Amino acid sequence: MRRVVLIRPKRDGRIFGKAPGSPYTLMRLASLVPEEIPVEIWDENIRALPLDTLGEGDLVGITSMTLTIERAEAIARVAKRQGAGVVVGGVHATLMPEHVQRFAHSVFVGEGYFTWPQAIQDFAAEGTQGLKPLYRDEAWANLEGVARISDRVIQMVRENEHYWTPYLEITRGCPRNCSFCTAIRVSGRRMRLRPVDEVVDEIERRGIKRFFLTDDNFGLNFITDPDYCAELFQALMRLGLHSWTAQSEMSVANYPELLEMGRAAGLDKHFIGFESVNPDNRRELGGKSRGKVEQTREAIRKIHATGTSVVGLFVMGFDEDTPATFQAMWDFIRTSELDGVSVTVLTPYPGTPFRALCEQEGRLLDVPWRHYDTAHVTYVPRHFTVDELRDWYDWLCRRIYSPWQIARRGFRSLSRHPISQAGKKLFSSFSTDYGYRRTYGWRHVT
Ligand code: SF4
């Protein structure tokens with residue numbers, strides 16, 4: 001066996017010289033490669049891939065979301081043609097293994113913490129002949145001690161040089177099962193927690209002062225395990241972190257003490273999945289939101305009272321949505337105190353209840369997987385034609401992501417911090433909205 005090459009297909013590319021987020025999953029999988037085997041991480045967001053160097057004796061591992069699976073397939077076919085062993089994992093492989101099996105030697109279903117080391121052993125022993133067609137995790141891993149990022153990998157990736165935002169995982173899982181979300185199938189229903197001392201150790205060894213949590217719904221831990229959250233915040237307070245961000249739900253507004261402790265530990269922004277301003281959609285929202293505007297405003301007010309910023313996440317195109325929902329959404333956003341906004345189009349991702357419904361009713365559109373970017377319409381909506389939904393979404397995005405609206409929210413976010421921190425907070429105050437504007441803009445060039 002010559003080496004292991006782990007590849008992330010291109011998604012965002014570089015923005016002002018750096019890629020937006022670090023290749024966190026690959027960093028953890030690379031850390032499971034035994035020290036005596038050379039390992040490389042190739043991130044197509046930061047450089048062109050030297051695919052011509054791949055050959056016999058190389059084990060190529062590709063991770064991919066649904067959105068990038070076509071590029072993953074192209075890379076896999078080249079690598080295979082040149083004699084390398086090719087395994088593919090990630091969200092899309094987990095949810096549609098039968099699709100990925102068409103172009104990889106092996107498909108990974110699940111997290112891969114146990115099966116990836118097994119595949120390396122199989123390949124080392126017998127090359128591509130040794131690889132099984134399917135590696136499936138049979139249980140959700142206990143996160144204690146799992147895939148600890150090694151110093152070899154930290155030195156190889158040089159996160160601070162190549163990436164704007166390091167990613168970090170502290171907890172995993174979500175039981176809500178919102179109709180459009182893959183979390184329950186990809187991360188499991190039970191909330192799993194990393195030991196606090198392991199989180200602290202990783203942050204210190206990586207030398208990161210700001211990060212974005214990949215946790216599906218960190219805020220739910222405020223309800224399910226408040227003692228863990230308090231212990232975590234106490235420990236992180238000592239690290240002098242600049243800022244970090246978590247994906248959450250509006251119930252965190254009911255825990256002001258934890259919000260304040262989080263703020264003191266650097267958690268100064270929550271991305272909150274309010275999802276809709278149409279109460280008729282409540283059945284789709286897993287019980288975390290009822291689509292009621294007054295409740296949403298109240299939650300934002302309470303969270304702001306602790307000095308914490310709120311980015312609102314909303315989805316448009318549910319079966320109960322009509323043109324009036326778009327008008328209501330805009331009325332809400334322009335009068336809200338949100339510090340950033342993400343408005344996306346409902347997307348029937350593999351493995352979700354919404355996709356099952358679309359399949360049953362023959363409503364899936366025949367579009368490339370790269371259109372599963374939450375900015376394209378990929379299904380037949382209930383109360384719109386496809387063109388109408390697209391036009392209404394454009395109408396909304398042109399308003400929400402106008403330079404004036406982005407500036408307004410960005411300066412509001414900036415004003416939540418002392419003037420002495422303005423320099424440090426400038427980037428994060430505007431980058432969220434800018435990133436979403438960019439996502440929306442992509443649709444017009446692909
Ligand atoms: S609460 Fe969030 S993470 Fe959980 S199922 Fe709903 S959308 Fe997914």
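**Exercises on a two-domain predicted model**

Helix α5 (residues 115-126) lies across β1, β4, β5, β6 and β7, and its direction makes about 150° with that of β7. This is a predicted model, in which local features need pLDDT of at least 70 and side-chain atom pairs count only at pLDDT 80 or more, while totals for chains, interfaces and linings use all residues. Residues are numbered from 1 along each chain as its sequence is written. Helices (H or I, at least four residues) and strands (E, at least two) are DSSP runs, numbered from the N terminus. Axes are lines fitted to C-alpha atoms, for helices over the stretch in contact, and angles run from 0 to 180 degrees between N-to-C directions.

**Exercise 1. Describe the sheet that contains β7, and a second helix lying on its strands.**

Step 1. Establish the strand order: 6 strands form an open sheet, β3-β1-β4-β5-β6-β7, with parallel pairing. Two strands pair if DSSP finds at least two bridges between them.

Step 2. Locate the edges: β3 (39-43) and β7 (134-136) each pair on one side only. Neighbouring strands of this sheet are turned by 20° against each other on average, direction ignored.

Step 3. Examine one pair: β6 (residues 106-109) and β7 run parallel and are joined by 3 bridges. V109 has R136 in β7 as its bridge partner.

Step 4. Add the helix: α2 lies across β1 (3-8), β4 (58-63) and β5 (85-89), at about 160° to β5.

**Exercise 2. Describe how the two domains meet.**

Step 1. Take the bounds from the domain assignment, which is automatic or from a database: domain 1 covers 3-136 and domain 2 covers 166-442.

Step 2. State the separation: the C-alpha centres of the two domains lie 28 Å apart.

Step 3. Count the contacts: 13 residues of domain 1 are in contact with 16 residues of domain 2, where contact requires C-beta atoms, placed from the backbone, within 7 Å.

Step 4. Assign the domain 1 side to elements: β2 (19-21), α2 (69-81) and α3 (91-95) each supply at least two residues. The largest share, 4 residues, comes from α3.

Step 5. Classify this side of domain 1: it has 7 nonpolar, 5 polar and 1 charged residues. Here Ala, Val, Leu, Ile, Met, Phe, Trp, Tyr, Cys and Pro count as nonpolar, Asp, Glu, Lys and Arg as charged, and the others, Gly among them, as polar.

**Exercise 3. Explain why β9 and β16 each have a side without a neighbour, and place α16.**

Step 1. Read the order: 6 strands form an open sheet with parallel pairing, β9-β12-β13-β14-β15-β16.

Step 2. Because β9 (167-168) and β16 (340-345) stand at the edges, each with a single partner strand, one side of each is left without a neighbour in the sheet.

Step 3. Inspect the β16 pairing: 6 bridges join β15 (residues 309-316) to β16 in parallel. G312 stands opposite V341 in β16.

Step 4. Place the helix: α16 packs on the sheet, touching β15 and β16, and its direction makes about 165° with that of β16.

**Exercise 4. Determine how α14 and α16 are arranged.**

Step 1. The axes of α14 (residues 323-335) and α16 (residues 386-400) come within 10 Å and cross at roughly 10°.

Step 2. α14 is therefore roughly parallel to α16, a term for angles under 35 degrees.

Step 3. P323, F326, M329, W330 and I333 in α14 meet W392, W395, L396, R399 and I400 in α16. This contact has 9 nonpolar, no polar and 1 charged residues.

Note on methods. Angles under 35 degrees count as roughly parallel, over 145 as roughly antiparallel, 65 to 115 as roughly perpendicular and the rest as oblique. Two residues are in contact if their C-beta atoms, placed from the backbone, lie within 7 Å.
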